Amino acid sequence: MPNKNDKKNNSSKNNFSVRKLIYNDKYLIIFSIFAAVVIWIATSISLSPQTTKTITVPLNVDFSNSAASQLGIKCYGDEKIDVDVTVSCKKYLAKDITAQDLTVTLQTNIVTNKGVFDVPIKVEGSENAEFNIQSYYPTHYSAYFDVEAEKDMDIELEYNTDDIVADGYVKGEDLLSETKAKIVGPKSYVSRVDKLVADVNIPEKLTETQTIDVVVQALDSSGDTVDYINIVTESSNPTLTIPVLKEMELDVAVSFTGMPSGFDKNLLNITYSSQKVNAGVLESAGITEANIGNIDFSKLKPGRNEFTFQVSNLESMVVLDNIKEIEVTVFVPTSFKTKQLDASLAEVTVINVPDGYEAKVKGLNQKKVVVVGTSSELDAENLGVGMVVDLSASKDNITLGTSEHPANASLNNSKSCWIYGDYTALISITKK
């Protein structure tokens, strides 16, 4: 049976705890502060003032899944725009509203033909958004719509002045890194393009070669820039090199190839239709004469030999005189004679045979080989004719079977004689 004193003690403890919670000043103060904060927060939220906030939302322009796209119509305008959206909301919510809470789209379904369209922009808030969209700008996206066309065109240069080099210098031929470009854009605008032009602005007169970046523009017949045109070049930054050449008077000269190692070049009598030329030369190249080309000894026979060289496109120089070609006469002394050797005695070697192929010599197309030299040298026995057929030029277009190939002829046992004429060998090519 429970003890009455125990009940009394338990009751006393319970009553003590409740009283302590209610009547203890310390607990009462804490409870009052907590209740005040809750009431203040609730009142602040319910009575918070309204405010506005402007948010910039990026909009990617995309007509890929539209009626225009199905009709082959493309958009020619900005690929990305910013839409400034003003929202109204409680002041305490403003800092938490971002572009992620807004959806901005284009009403692409209105574009069904070519022309200029103002495509409406639609702005919506996220579901359960605690703000209202007050306004936004722009409200439309303006662009031109048309089917796409393209065309290849030459790039023209337009200098700001005709006189761009200093006195004593001349301008060489312009060297554009790309001479053509592709224009891409609306068909009706592509048809308006009359030319592609790169403006060249040279602020000071040049004394040395200059390389500059150029910007290519599409112009109509009136010289105005054509809108909506995209100019496509192989490199992102086409360049122009302007060669600047020093004016000099130079002696005309030729070089000789295939000259025997023991031959005295001074034995040749060489004359030119023009002994000197006025030329613009690359100053840094150290050029002292106008070398107009090479003469191979296989083209020289005893007596008079005539050659004609075009001089309109010489390396590292520009002939300034009104001269298109120069005739060269090479006189080989009559003390030199010719002698014919049996071609079957020539040793023919084939070099640079492509991998996976075999080459066999079937013979020469000529029965005789003509040798030039003095009488005493030609009387020497065993001059040793060698022929070399180089297949390196044919490696990308090798032909199976027997065919003719040029043969480079030389003498193995003479330092002052040479072989005159052109020779070919029959070579049989098979796969290994």
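1. A residue counts as exposed when its relative accessible area is over 50%, as buried when that area is under 20%, and as partly exposed in between. With a relative accessible area of 57%, D422 is therefore exposed. The other terms of burial below follow this rule. The model is predicted.

2. Overall make-up. The chain has 432 residues, and 35% of them are buried. Its secondary structure consists of 30 strands and five helices. Of the contacts between residues at least 6 apart in sequence, 76% join residues at least 24 apart. The accessible surface is about 27100 Å². Carbon and sulfur atoms account for 47% of that surface.

3. Largest nonpolar core. In soluble globular proteins, nonpolar side chains tend to be buried together. The largest nonpolar core in this chain holds 30 residues, and those touching the most other members are I292, I295, L300 and V328. Two or more residues each come from β16 (244-257), β18 (276-281), β19 (289-296), β20 (303-310), β21 (317-319) and β22 (325-332). The element that gives the most is β16, with five residues.

4. Surroundings of I292. Which residues does I292 contact, leaving aside its neighbours within four places in sequence? They are V252, A253, V254, F309, V311, L314, I326 and V328. V328 is also among the core members that touch the most others.

5. Second core. Separate from the core just described, there is another of 28 residues. Its members include M153, I155, L176 and I202. One of these, I155, also touches E178, which is taken up next.

6. E178. This residue sits in the loop between β9 (175-176) and β10 (180-186). Is E178 buried or exposed? It is buried, and it has no salt bridge. The nearest side chain of opposite charge belongs to K182, 11 Å away. A salt bridge requires a side-chain nitrogen of Lys or Arg within 4 Å of a carboxyl oxygen of Asp or Glu. What E178 does have is a side-chain polar contact of 2.5 Å with S235. Not counting residues up to four places away in sequence, E178 touches I155, T233, E234, S235 and P238. A reader looking at this loop may wish to view E178 together with S235, given the polar contact between their side chains.

7. Salt bridges in the chain. Side chains of opposite charge can pair when their charged atoms come close. How many salt bridges are there? The count is twelve. K95 and D96 form one of them, with N and O 3.3 Å apart. K95 is exposed, because its relative accessible area is 66%. Another salt bridge joins K122 and E124, whose closest N and O atoms are 3.5 Å apart. K122 is partly exposed at 37% relative accessible area, and E124 is partly exposed at 38%.

8. A link between distant parts of the chain. The side chains of K299 and D422 meet in a salt bridge of 3.0 Å, N to O. K299 lies in the loop between β19 and β20, and D422 in the loop between β29 (418-420) and β30 (423-431). The two residues are 123 residues apart, so that the pair links distant parts of the chain. K299 is partly exposed, with a relative accessibility of 38%, whereas D422 is exposed at 57%. Elsewhere, E150, D152 and K182 are joined into one network by salt bridges that share partners. K182 was named above as the nearest opposite charge to E178.

9. Backbone details. Most residues other than glycine have a negative phi, and most peptide bonds are trans. Where is there a cis peptide bond? One joins Y137 and P138, with omega about 0 degrees. P138 is placed in the loop between β6 (131-137) and β7 (140-159).

10. Positive phi values. Y228, which is not a glycine, has a positive phi of about 65 degrees. Y228 lies in the loop between β13 (216-219) and β14 (230-232) and is partly exposed, with a relative accessible area of 33%. N352 also has a positive phi, near 55 degrees, in a residue other than glycine. N352 belongs to the loop between β24 (347-351) and β25 (357-364). Its relative accessible area is 45%, so N352 counts as partly exposed.

Notes. Residues are numbered from 1 along each chain as its sequence is written. This is a predicted model: local features need pLDDT of at least 70, side-chain atom pairs count only at pLDDT 80 or more; totals for chains, interfaces and linings use all residues. Side-chain values use heavy atoms; hydrogens and water are left out. Helices (H or I, at least four residues) and strands (E, at least two) are DSSP runs, numbered from the N terminus. Buried means under 20% relative accessible area, exposed over 50%, partly exposed in between (1.4 Å probe, protein chains only). Lys and Arg count as positive and Asp and Glu as negative; His and the chain ends are not counted. A polar contact is a pair of N or O atoms within 3.5 Å; within protein, one must be able to donate a hydrogen and the other to accept it, and residues adjacent in sequence count only if both atoms are side-chain atoms. Contact means heavy atoms within 4.5 Å. Accessible areas come from the Shrake-Rupley method with a 1.4 Å probe; for residues, only the protein chains shown count as cover. A nonpolar core is a set of buried Ala, Val, Leu, Ile, Met, Phe, Trp, Tyr and Cys residues joined through side-chain atoms within 4.5 Å.
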